[in-house]
Amino acid sequence: MRAEGNPQGGVVLAVAEVSVSFGGIRALHQVSLEARAGGVTGLIGPNGAGKTTLFNVITGLEKPTQGRVGLGGTDLSGMPPHRRARLGMARTFQRLEVFGSLSVRDNILTGAEFHRSWSRHADDPGSVTEEILDRIGLRAVADLRVDAIPTGMARLVELGRALATRPRLLLLDEPGSGLDENESEELGRLLVDLGEAGMAVLLVEHDVDLVMRISERVFVLDFGRIIASGSSSEVQANPDVRAAYLGTQPADVDDPSGPGGGGA
Ligand SMILES: Nc1ncnc2c1ncn2[C@@H]1O[C@H](COP(=O)(O)OP(=O)(O)OP(=O)(O)O)[C@@H](O)[C@H]1O
Ligand SMILES: [Mg+2]
């Protein structure tokens with residue numbers, strides 16, 4: 001799926017030495033990473049490593065005690081989440097955030113309308129919504145309420161709503177949870193396509209196989225620190241990464257959390 005050594009575009013997201021503390025707990029310690037246009041960047045790490053906290057810092061929901069986040073060269077310090085969204089940032093949540101009483105189509109439409117509310121160049125929200133329904137493969141369930149479809153599918157709805165804002169940076173917090181093997185294959189293909197279309201995708205996912213398969217570059221977070229980064233093969237061969245995943249072989253570093261993982 002991924003062309004090895006495929007050159008990526010410019011840096012879209014730059015995280016520089018970000019630290020966050022919750023009381024006495026240091027959730028992130030001088031974390032630096034970047035995500036480039038034109039491909040998927042993977043972010044993996046055991047439960048509690050700080051992945052969601054980092055997403056919250058990037059999107060402006062959490063203020064770092066130190067460090068900076070930049071989007072396309074703009075320093076985002078102190079900028080509230082909605083302004084970051086206008087600059088082209090969209091995310092999905094580990095704990096699904098969808099409008100359960102609205103249809104699949106209307107959930108996506110909210111993203112497209114939101115986009116039009118600030119962009120004079122936005123396409124017609126109705127046509128954007130129809131295009132995305134096809135792209136994420138949910139046309140058959142477009143008229144169903146989101147609380148009536150399986151969680152895995154609802155995650156795709158949330159992804160569709162994010163795409164409807166036409167982001168240049170897409171942050172996905174465990175989009176694969178609740179998907180079966182075929183669905184997660186399809187998700188992988190979709191993310192690769194989005195990358196090839198020029199988007200920067202930052203993917204947090206416990207399905208390490210999926211991350212390794214589709215990411216141009218992978219960062220590994222452990223106890224709030226980046227312990228490794230590089231190509232999938234470099235990261236898989238890294239002894240610190242293997243140790244963080246409890247000494248398992250690189251081939252089966254899949255879902256370090258075991259059953260019941262997730263949370264926050
Ligand atoms: N609002 C908060 N207040 C206090 N502690 C928090 C808060 N949010 C996260 N933490 C703590 O910060 C650390 C990092 O949590 P975070 O949710 O970012 O990890 P994660 O890598 O996303 O984990 P998971 O894989 O389980 O989703 C954990 O120790 C967590 O308990
Ligand atoms: Mg998390």
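**Figure 1. The low-confidence ends of a predicted model.** Over residues 1–6 of this predicted model, pLDDT (the predictor's confidence in each residue, from 0 to 100) stays under 50. For residues 1–6 the model has 15 contacts beyond four places in sequence, where contact means heavy atoms within 4.5 Å. Residues 254–264 also have pLDDT under 50, with 19 contacts beyond four places in sequence. For the protein, the mean pLDDT is 90, and 90% of its residues reach 70 or more.

**Figure 2. A hairpin made by strand 1 and strand 2.** Let's zoom in on two strands. Strand 1 covers residues 11–22 and strand 2 covers residues 25–36, and eight bridges pair them in the antiparallel sense. Helices (H or I, at least four residues) and strands (E, at least two) are DSSP runs, numbered from the N terminus, and two strands pair if DSSP finds at least two bridges between them. Leu 13 has Ala 35 in strand 2 as its bridge partner. Two residues lie between the strands of this hairpin, and Gly 23 in the turn has a positive phi of about 60°.

**Figure 3. An open sheet with a helix packed on it.** Four strands make up this open sheet, in the order 2-1-4-5 with antiparallel pairing. Strand 2 and strand 5 (74–75) are the edge strands, each pairing on one side only. Helix 1 (residues 51–59) packs on the sheet and touches strand 1, strand 2 and strand 4. The direction of helix 1 makes about 115° with that of strand 1; axes are lines fitted to C-alpha atoms, for helices over the stretch in contact, and angles run from 0 to 180 degrees between N-to-C directions. Within the sheet, strand 1 is joined by five bridges to strand 4 (residues 66–71), and the two run antiparallel. Here Val 15 stands opposite Val 69 in strand 4.

**Figure 4. Two helices side by side.** How far apart are the axes of helix 3 and helix 5? Helix 3 (residues 104–118) and helix 5 (residues 151–163) have their axes 7 Å apart and pack at an angle of about 30°. That makes helix 3 roughly parallel to helix 5 (angles under 35 degrees count as roughly parallel, over 145 as roughly antiparallel, 65 to 115 as roughly perpendicular and the rest as oblique). Helix 3 contributes Val 104, Asn 107, Ile 108, Thr 110 and Gly 111 to the contact, while helix 5 contributes Val 157, Gly 160 and Arg 161.

**Notes.** Residues are numbered from 1 along each chain as its sequence is written, and chains are lettered from A and ligands numbered from 1 in the order in which they are written. In this predicted model, local features need pLDDT of at least 70, side-chain atom pairs count only at pLDDT 80 or more, and totals for chains, interfaces and linings use all residues, while side-chain values use heavy atoms, with hydrogens and water left out.
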